[in-house]
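Here are a few notes to read with the model open beside you. Take them one at a time, and find each residue as you go.

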Amino acid sequence: MARRPLGWATYRLAQDIVRTRTGQELTSGQLAEQMHAHGIDWDSITVQKIEQGKRPVDRTEIEVLVRVLGPGVLRFAPKEPEPQGIEVKAEQGSKGDKHDQ
């Protein structure tokens, strides 16, 4: 079974994790230990796979990452798009407008 490539959001989150972890001068092993202390079963290989975009991160793991690394870890992560409303505008110069005749 072929693996599907992970999406843009996973890639951006991976970049954010690397940036935040290295900014706090933590090794991948130290991050894994901190995650494990919060009930997430990670090791340094798991951290490396996530940072390379080869493994997705689930919602619970993201919540713990925020506790461990701080909210800055999601600095560049994409937000869910807001629903788009339908806007109806009258067009100027439509048929029936005196100026078009």
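1. Let's begin with Glu61, which is buried, at a relative accessible area of 7%. Keep in mind that this is a predicted model. What does Glu61 form a salt bridge with? The partner is Arg55, and their closest N and O atoms are 2.8 Å apart. Arg55 counts as partly exposed, because its relative accessibility is 25% and the cut-off for buried is under 20%.

2. How many salt bridges does the structure hold? There are three, so you have two still to find. Another one joins Arg19 and Asp16, with 3.7 Å between the closest N and O atoms. These two sit three residues apart in helix H1, which means that about one helical turn separates them. A general rule helps here: an α-helix has 3.6 residues a turn, so residues three or four places apart point the same way. Asp16 is buried, with a relative accessible area of 2%, while Arg19, at 31% relative accessibility, counts as partly exposed.

3. Now look at Arg21, whose salt bridge is with Glu51; here the closest N and O atoms are 2.6 Å apart. This pair links distant parts of the chain, since Arg21 belongs to helix H1 and Glu51 to helix H3, 30 residues apart. Are Arg21 and Glu51 buried or exposed? Both are buried.

4. Glu51 leads us to helix H3, which covers residues 44-51. Which residues of H3 are buried? They are Thr46, Val47, Ile50 and Glu51. These residues lie on the same side of H3, because the arc they cover around the axis is only 130 degrees. What do the buried residues of H3 pack against? Their neighbours are helix H1 (8-23) and helix H2 (28-37).

5. Take a look at the two ends of H3 as well. At the N-terminal end, Asp43 acts as a cap, with a side-chain oxygen 3.1 Å from the backbone nitrogen of Ile45. After H3 comes Gly53, which has a positive phi, near 75 degrees.

6. Finally, step back to the whole protein. It has four helices and zero strands, so from the N terminus the order of elements is α-α-α-α. Of its 101 residues, 27% count as buried. The protein exposes about 8100 Å², and carbon and sulfur atoms supply 50% of that area. Among contacts between residues at least 6 apart in sequence, 61% join residues at least 24 apart.

Methods:
Residues are numbered from 1 along each chain as its sequence is written. This is a predicted model: local features need pLDDT of at least 70, side-chain atom pairs count only at pLDDT 80 or more; totals for chains, interfaces and linings use all residues. Side-chain values use heavy atoms; hydrogens and water are left out. Buried means under 20% relative accessible area, exposed over 50%, partly exposed in between (1.4 Å probe, protein chains only). The arc is that of the directions from the helix axis to the C-beta atoms. Contact means heavy atoms within 4.5 Å. A polar contact is a pair of N or O atoms within 3.5 Å; within protein, one must be able to donate a hydrogen and the other to accept it, and residues adjacent in sequence count only if both atoms are side-chain atoms. Accessible areas come from the Shrake-Rupley method with a 1.4 Å probe; for residues, only the protein chains shown count as cover. A salt bridge is a side-chain nitrogen of Lys or Arg within 4 Å of a carboxyl oxygen of Asp or Glu.
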